[in-house]
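Work through these exercises with the structure open beside you. Try each task before you read its solution.

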Amino acid sequence: MIRTPMTEMFGIQHPIMLAGMNWISTPKLVAAVCNAGGLGTLAIAQYSPEDTRKQVRQIRELTDKPFMVNQPLHRGWAKENIQAAIEEKVPFINYSLGKPWFVDQVHAYGGKVVGTIAIAKHAARAAELGCDALIVTGNEAAAHGADATSLVLIPFVTSMVKIPVIAAGGFYDGRGLAAALSLGAAGISMGTRFILTQESMVHDNFKQLCLKATEQDTLYSSAFDGMPGRALKTPVVEKIAQGDSFSLLKAIPNALEIKKILKQNWLQFLGTAWKMMAGEGGDFVLMARLANGTMRHQKAIYDGDTQEGFMFVGQVTGPIRDLPPVKSLIDRIMAEAAATLRKTGGMAAS
Ligand SMILES: Cc1cc2nc3c(=O)[nH]c(=O)nc-3n(C[C@H](O)[C@H](O)[C@H](O)COP(=O)(O)O)c2cc1C
């Protein structure tokens, strides 16, 4: 057993968290992580507020353990989703890409707010705004990070703030957990590693591609959905990164598909589009990339379409070679971390 400020704060057995990954961190995976002693995080960015409530209630049917929700705040419908999570009294609310206006509301029912940052100076600001803990994401990560790698960013941030830091980006085994603790973190958050488990809903075609990939087989580019992000390198991803397959025309039906997924009426949809456009400084191409990227991501994870679809994946896809059930993965990581800490502790004593 490894006790850290993360296990204490969240009331969990192991300092391991499932990262919020939209479409992928669903109730089944969240509950599997919670029931195995970790902290499961439901990604709610892709839901309407009604669906957010439904998914939260589904988790409560699958586990009696505490869990978290994740919402990037730059999305036009973030406010309504956060409000739904607050009304459901979700124990922990994790945000990324924005400033939390809801800290007092969450604290009022005894909940905690966890900020995600990828740039060191944002860590101090998040702590000042009342965050209880931080997730600090290095460049190795799947999807959206910034330029600094975990090895540089995590010790920098842990010596800057007093609240618990959860290290993210590049973690997949017990040696990584032991390293994160040595860097001053209180635990780890993993995305790619949990994508490659039995309980993950990702189509087997992409799971198999990831298992065969090396650590060199990811690409980091803004072309996928408008923000710098890391995806599995496939022929279509190389084309997208070179700007070859961008279509402004395709963005229109894709945006309408997203309207359907979010169950918005025209007024809500136009309001969301307007808010997002304003937030992005009127950058129409960026919005089109988001619409196209979202639909290509769906093609990958639901249909297993390796020709047209793409998937965000971290560099750890290289060393990962198996698809274990969540519980045996977490047990293995904990045993390996304990053995690593005993071994390295022994070095200092001799
Ligand atoms: C498919 C996918 C979707 C993601 N969606 C979100 C999201 O909605 N919100 C967020 O804060 N991070 C999101 N992320 C980033 C992860 O939360 C996490 O930071 C990353 O997976 C950690 O790196 P790792 O894959 O090396 O473990 C996403 C990652 C993936 C792979």
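This model is predicted: local features need pLDDT of at least 70, side-chain atom pairs count only at pLDDT 80 or more, and totals for chains, interfaces and linings use all residues. Residues are numbered from 1 along each chain as its sequence is written, and side-chain values use heavy atoms, with hydrogens and water left out.

**Exercise 1. Aromatic rings**

Find the aromatic cluster, then classify the ring pairs F10–F92 and F224–F312.

Solution.
- Step 1. Y95, W101 and F102 form one aromatic cluster.
- Step 2. Apply the rule. Rings of Phe, Tyr and Trp (its six-membered ring) pair if their centres lie within 6.5 Å; planes under 30 degrees apart are stacked, over 60 edge-to-face, and the rest tilted.
- Step 3. The count by this rule is six aromatic pairs.
- Step 4. Take F10 and F92. Their ring centres are 4.7 Å apart and their planes stand at 85 degrees, so this pair is edge-to-face.
- Step 5. Locate them. F10 is in helix α1 (residues 5–10) and F92 in strand β4 (residues 92–96), so the pair links distant parts of the chain, 82 residues apart. Helices (H or I, at least four residues) and strands (E, at least two) are DSSP runs, numbered from the N terminus.
- Step 6. Check burial. Both F10 and F92 are buried (under 20% relative accessible area, 1.4 Å probe, protein chains only; exposed is over 50%, partly exposed in between).
- Step 7. Take F224 and F312. The centres are 6.3 Å apart and the planes at 75 degrees, so this pair is edge-to-face.
- Step 8. F224 sits in the loop between β9 (218–221) and β10 (229–232), while F312 sits in the loop between α14 (284–301) and α15 (326–349), 88 residues apart. F224 and F312 are buried.

**Exercise 2. One side of a helix**

Which residues of helix α10 are buried, and why do they lie on the same side?

Solution.
- Step 1. In α10 (residues 204–212), the buried residues are F206, K207, C210 and L211.
- Step 2. They cover an arc of only 140 degrees around the axis, which puts them on the same side of α10. The arc uses the directions from the helix axis to the C-beta atoms.

**Exercise 3. Around the ligand**

Describe the polar contacts of the ligand with G20, N22 and T192.

Solution.
- Step 1. A polar contact is a pair of N or O atoms within 3.5 Å.
- Step 2. A polar backbone atom of G20 is 2.8 Å from a ligand oxygen atom.
- Step 3. A polar backbone atom of N22 is 3.1 Å from a ligand nitrogen atom.
- Step 4. A polar side-chain atom of T192 is 2.5 Å from an oxygen atom of the ligand.

Note on methods: Polar contact = N/O pair within 3.5 Å; in protein donor to acceptor, adjacent residues only side chain to side chain.
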